[in-house]
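The following report describes selected features of a structure, beginning with the lining of its pocket.

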Amino acid sequence: MAGISLRQVTKTYGTLRVLNGIDLDIADGEYLTLVGPSGCGKSTTLRIIAGLETQTTGDVEIDGRVVNEVRPSRRDLAMVFQSYALYPHLTVRQNLVTPLQLRDMNFWQRIPLLGHLAPGRRAKMSKIEDDMRKAAEILKIEPLLHRKPGQLSGGQRQRVALGRAMVRNPAAFLMDEPLSNLDAALRVHMRAELSELHRELGATFVYVTHDQAEALTMSDRMAVMMDGDILQLGPPDEVYEDPRDIRVAEFIGSPKMNILPGQGDSAGRITALGVAVEEALAEPSEGPLSVGFRPEHLHIQPKDAGACFSGRLTYKENLGSDVFLHLAVEGIEGKAVIRAKPHEADFADVGEDVWFTGEVGKARVFGADGKRVTLAEPQLMRMTS
Amino acid sequence: MMVRTNWLGEFLKHSVLLAGAIVVLLPFYLMLSYSLKSPAEIESNTGGFVGSQEIMTDRRCIKAGKPPEECDMRPIVYNYTAAFSEAPLVRYMLNGVFVTVSIFVIQVLVALPCAYALSKLRFWGRDVVFGLVIFCLLIPVHAIALPLYIMLAKVGLTNTYAALIIPWTISVFGIFLMRQFFMTVPDDLIDAARMDGMSEFAIVWRVMLPTAIPALLAFGIFSVVAHWNDYYWPRVVITGNRDLMTPPLGLRMFKSDLDGNEYGPMMAATTVIVLPLVIIFLLAQRRFIEGITMTGMK
C-alpha cells in the first residue's frame, strides 16, 4: 500500500500542451477519481503515474520515492484498461498467473518445459497458484479459469481484468475507464462491486472516468480536470455543493446546473435575468455575473408571485419518483431544467408559461472569469435589507 | 432489394471466372494426365485423361540387361518409379523443405521485431524507415542478383545451403505484412504486458506472435510457395553440386536425357513436387484467407 504524489507534472506533445503542472497528493488507501471531459488529460495523468508515458517535467513519487526513472513493472502498480487488454491466446488462469510468473520467477524457471527442471520452481508455482485461486475466489471467476477471453462476456472479462490486477497485490490500482464498455445495468452493478472491493482490499485506487456519476458515487475524493488542469479537488459532496469554477459546476451533476446571466451592482445586490436574487456579494462590484442553480433548487409556481423567473414548459421528463421540467427561458441558451416531485408539477402542461424561483441560499455565483464569487453571510444580508 | 437475380449478369460474371479458371487449371490438368500416360499416348495425344494403362515395356530396363518380364509395367507405375529412380527426387524434396523452412523461420525472426518496432514503438525517423521498407518492395530480385552472387562468391558461399537461404532472410514483404497486422492490435494490450513486467522482446514473442498466427500463416504460404517454386536463384548459386539441388532444379534432370523427352516421368516428378504445396494450401485455406483480409492485403 502506498500514497502517490505528483509534483508540477507537465506533458507536451510537440507544441501541444496536455498537462499544465499537475500537483496531486493521493493518500494511502484512498479512492481518488480523475474526472473530466475527453481530452482533458486525465488518462495521460494516469499513464504518467503508471510509467507508460514520461512526463515532460515534474516528479512522480510513490510511497515517498521518486520513480521518474523506474520502469512500469517496477513501480508495483496494477492497471485495469478500458478494453481489458487480456492476452487473447491465454486462458483466464494463465492470464492471472502471467504477471506473477514474470515478477516472481527467474528466467530459467520461466522457460517452457525445461523450466520444470529449474530449482525452486515447484514452490514458487504453488504459491502463485494459491494467489491466483484467492483472487479468483474474491471475484467469483473460478468456473471461468479454463476459458479464453474470447469466450467470456463483457462483465466476465472485466472481472478477469480486475483479477489480473489483484493477484499482484500492488501498492495501488490504476483504472482507466474500466466500466465504459459495459452496458448500463452492469455498469451500475460494477460500481457497487468496485467500491466494495476497495473497502475489502484497502488499497489505493486511482480511477479515471468521464462519467461524473461514477466519480460522485464511488470516490473518497475526486479531481475535476479540464484542459490539462485540476480545477477542483475534494470529496464528491464538496465538489457538488461548492464548485469553485463554473466549468466544474456545469460538468458535475446531471441534469447540469442552470446558469442564468446576471449582474452585480456597487451595493452588492445581485440580479439574474433582471430579477433580484436574495443574495449579496461579499465584495460589492459592478459587472456581469453568472448565477447558477441546481435543478433541485429551482421551484415551479403556478402564478407570478413577484421576484419570479418565467419560461415556457417545453417538455416534462417523467422519471417516476421525480419529474424534470424543461423550460425555454428568454435570455439563456439551451433549456433550464427544474427537478420537481410529480405532484408539484401537476398543474403545468407542456406549452404553457410557468414561473419559478430559486431557493434562498442555494445560488452559486460566478464572476466573469468563471471563478466562484464569495457571497455575504445570509444573516448579514438580512440585517442590511 | 430485388429478389430476382440478374441472371444475365451472373452468367457473364461466371463465364469470365470460368475462363480464368481454365487458363489456370489446364496446365495442371495436362501435368496430371501426362504423368499417368504412356510415352506413345503422350506423343500421339490419345487416351483421354488416364490413358489406356496397357502394359508397356521399359526400354531402359531392357538396355540395362534385365529380364523382359521385369521390365513390363503399366505406364502410371513406370512414370512414377522413373521419377524417383532417374533423379534423387527425395533428396531434392528434402533440400527444398530444409531451404524453405529455414528461410521462413529466419524471416519471422527478423520480421516480427521489425514490424513491432515500426507499428508500436515511437522513435525518431520511424516513418522514414517504414518508407524505406515500402521502397524495398519495389526492387525486383533480378536487379540485385548479380551483385548478390558476386558477394556470395567472394565469401566462398556458392554451392552451399547458405547461398540458397541467406539472400531471402530479410523479407520486406513480411515486415510490411506483419506491420499492417500489428497496427490493428490494441495498444492497451502492449501496455498491459509492460505493466506485467515483460520486456519489449518478450512482448514480441509472447504477446504479438500468438495473436499474429493467422497473418503469419498467410505470410508463410507466400514465402514457402515462392521459395519452393523458385528456379531462378538456385540455378544461379548451385552450379556444380547436385546434392544441393532444390525440386525445380531437379526437374532439369529429365529434360537432358539423350534418348528423347521423358515427359511421363517428368510430369510425374512435377506432380510429386507440387503436391505438398497443394495439400498445405487446402489445409490452411480458411486461415490463409482470414490472414489476408485481416491485414488489408486483398
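H2(A) gives the largest share of the lining of the largest pocket, seven residues. This is a predicted model in which local features need pLDDT of at least 70 and side-chain atom pairs count only at pLDDT 80 or more, whereas totals for chains, interfaces and linings use all residues. Side-chain values use heavy atoms, with hydrogens and water left out; residues are numbered from 1 along each chain as its sequence is written, and chains are lettered from A in the order in which they are written.

The pocket (on a 1 Å grid over the protein atoms alone, an open set of points where a 1.4 Å probe fits, with protein on both sides within 12 Å along at least five of seven lines; lining residues have an atom within 4 Å of a point) holds about 880 Å³ of space. Of its 33 lining residues, those closest to the centre include Thr98(A) and Arg206(B). The helices (DSSP runs of H or I, at least four residues) in the table each supply at least two residues of this lining.

| Helix | Chain | Residues |
|---|---|---|
| H2 | A | 92–104 |
| H3 | A | 107–110 |
| H4 | A | 121–139 |
| H11 | B | 200–211 |

In helix H10 of chain B, residues 187–196, eight of the ten residues are buried (under 20% relative accessible area, 1.4 Å probe, protein chains only), among them Leu189(B) and Met195(B). These buried residues pack (heavy atoms within 4.5 Å) against elements of both chains, including H2 of chain A and H11 of chain B. Gly197(B), which follows H10(B), has a positive phi near 105°.

Note on methods: Points joined across faces, edges and corners; volume = space filled by probe spheres on them. Buried < 20%, exposed > 50% of the residue type's maximum accessible area, 1.4 Å probe, protein only.
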